[in-house]
Amino acid sequence: MRGKTYLLALFISVFAGSNSIAAESSLKLPKAEGISTIKNPEKSDDSRPAHVYGQIRLEGMQYFTPVPDAPRLTYSQLLSARLSVLKETSWLDAAFDVTGGTYFSRGQTHMIMHEAYIASKGETFKVFAGRKKKDWSDIDHRWNLGLWQPYLNLDSLRPEEEGLTGIFFDYNQKNYQVMAMVTPMFIPSMGPDVREEGGGLVADSRWYRAPSRNYDFNSRINTIYYKLDIPEQAKLVNNGGASLMTRLGDKSKGTWVVASAGYLPVNDLILKRQAFKQTSDDKLDVTVSPAVTYHKIASVDLGYSFKAVKTTLSVLHDEPEVRYPDEEWVMQKLEPLQAYSVAADFVLTDIITRAIAVQVAYLKVVGGGIQDITATGDADDFTLYDSRMKFTNSLMLRLEGQVATWFKRPLVTRIKYLYDYDQRGSLLNTEFQYFPTQKWAVVLGGDVLGVQDEGYKTSSFLNQFRANDRFYGGMTYVF
């Protein structure tokens, strides 16, 4: 779908711009303040060395159901590493956070720069230049929507949030904050590497959904043969934007509100393709090419924090611009959407003598469809993909904490259960980590997806990937 473009953007992010992508569990609870993985020490000076943090993880993963056309995708091994470095001087700060990994097979190596920036000194006002994660929207971060900040989506159950790239002007006090961002460039969300093979678009991933190859023309089924056409790098990268965020109140206590608005490129590239023409043959050759469109995005978070409980009500509005293709081409039209979420984060104490962090949240998305349109704006009778969101009407419960000790060492569990009412399906993630030493962890986990009716909404996320039940295990070294 977008593979070569993703690979290109991946390369750009490395040169433009806690846990590895494997180690960053999808069960991690959102942070109360900010989402950057780079830690900030209280004091530093030029005579002190840089602060370095990181992880190395080796993991094996087994899927329960083989893929008939790709049996090698049933089992995988991943070696990944993450490195975060912060250097403070008397006149500026510099930091970067990078992840790299390999599946020990050709074309299955990745590297991504999550953050890479320099920052001015200052207590209340700072200027950041580079790639930086920021707290734009609770609903976007909590539900991994990818509308504000892009994501690395090599594994759909382990999305990794990335920062925006530009210049940030941040005036931040305890009860008040104003931040503006301008950017001259665009780095999209990235997924599995996609290629042409046998007339189809394929990827070495169980989380890639290929477009249909069947086209019904005058009650006659034609087979589509796809070709990828990747535009020049500059056409994708040279797309700027701007955004603004304000906060009133202290997010650690009492009532607070965060409002954000922006005009930015849509993080997921849209697709354009050649229009189908009448043919006497049983096959159609179609060229597919990625493109960039913009959207107006606005969000508001209203929260109240007291003691160990934080409640949040979030609203997000996304209005993509409509781009019209050239003659004899068809392009995706992204429908506007409104997303609503209510959530509570709290800690249960004295449960099995340990504190357990709990998150309960509900998400409702209205709109967000996709329609392929012609040069005149009319709807085409064939659509590559029909939805922008993985979940649209979901209830989620997350638990995380130390549940026991074994040989006087901690055993930590992370559990997430999600049910989507629109899809009539559920998702269960479980992970256990045992720490035999302070720096080593043994990891064991699994993911289960299912739907009540396999014939209902066959293109939905849970139905499409219901065969991806899996378990995994490995070891992590933290430094």
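**Exercise 1. In which strand is the place of threonine 109?**

Let's set the scene. This is a predicted model, where local features need pLDDT of at least 70, side-chain atom pairs count only at pLDDT 80 or more, and totals for chains, interfaces and linings use all residues. Residues are numbered from 1 along each chain as its sequence is written, and side-chain values use heavy atoms, with hydrogens and water left out.

Step 1: Find the element. Threonine 109 sits in strand E4, residues 109–120. Strands (E, at least two residues) and helices (H or I, at least four) are DSSP runs numbered from the N terminus.

Step 2: Check the exposure. Threonine 109 has 52% relative accessibility and counts as exposed. The cut-offs: buried is under 20% relative accessible area, exposed is over 50%, and partly exposed is in between, with a 1.4 Å probe and protein chains only.

Step 3: Look across to serine 80. Its C-alpha atom and that of threonine 109 are separated by 9.5 Å, with the two positions 29 residues apart along the chain.

**Exercise 2. Describe the chain as a whole.**

Step 1: Count the elements. You get four helices and 28 strands.

Step 2: Take the buried share. Of the 479 residues, 51% are buried.

Step 3: Add the surface. The accessible area is about 21900 Å², and carbon and sulfur atoms own 57% of it. Such areas come from the Shrake-Rupley method with a 1.4 Å probe; for residues, only the protein chains shown count as cover.

**Exercise 3. Which parts does the salt bridge between arginine 470 and aspartate 155 tie together?**

Step 1: Know the rule. A salt bridge is a side-chain nitrogen of Lys or Arg within 4 Å of a carboxyl oxygen of Asp or Glu. By this rule there are 23 salt bridges.

Step 2: Get the distance. Arginine 470 and aspartate 155 meet at 2.8 Å, N to O.

Step 3: Place both partners. Arginine 470 is in strand E28 (residues 470–478) and aspartate 155 is in the loop between strand E6 (151–152) and strand E7 (160–161), so the pair links parts 315 residues apart in sequence.

Step 4: Check burial. Arginine 470 is buried, at 1% relative accessible area, and aspartate 155 is buried too, at 8%.

Step 5: Try another pair. Glutamate 454 and arginine 466 form a salt bridge at 3.4 Å, N to O. Glutamate 454 is in the loop between strand E27 (440–451) and helix H4 (461–464), while arginine 466 is in the loop between H4 and E28, so this pair ties parts 12 residues apart in sequence. Arginine 466 is partly exposed, at 31% relative accessibility.

Step 6: Look for sharing. Arg72, Arg195, Glu197 and Asp204 are joined into one network by salt bridges that share partners.

**Exercise 4. Which residues form the nonpolar patch on the surface?**

Step 1: Know the rule. Patch residues have over 30% relative accessible area and no salt bridge; like charges are joined within 9 Å, nonpolar side chains (Val, Leu, Ile, Met, Phe, Trp, Tyr) within 5 Å.

Step 2: List the members. Phe125, Ile167, Phe169, Tyr171, Tyr176, Val182 and Leu248 make up the patch, with about 600 Å² of accessible area together.

Step 3: Map them to elements. Strand E8 (164–173) and strand E9 (176–183) each give two or more residues. E8 gives the most, with three residues. Leucine 248 belongs to strand E14, residues 241–248.
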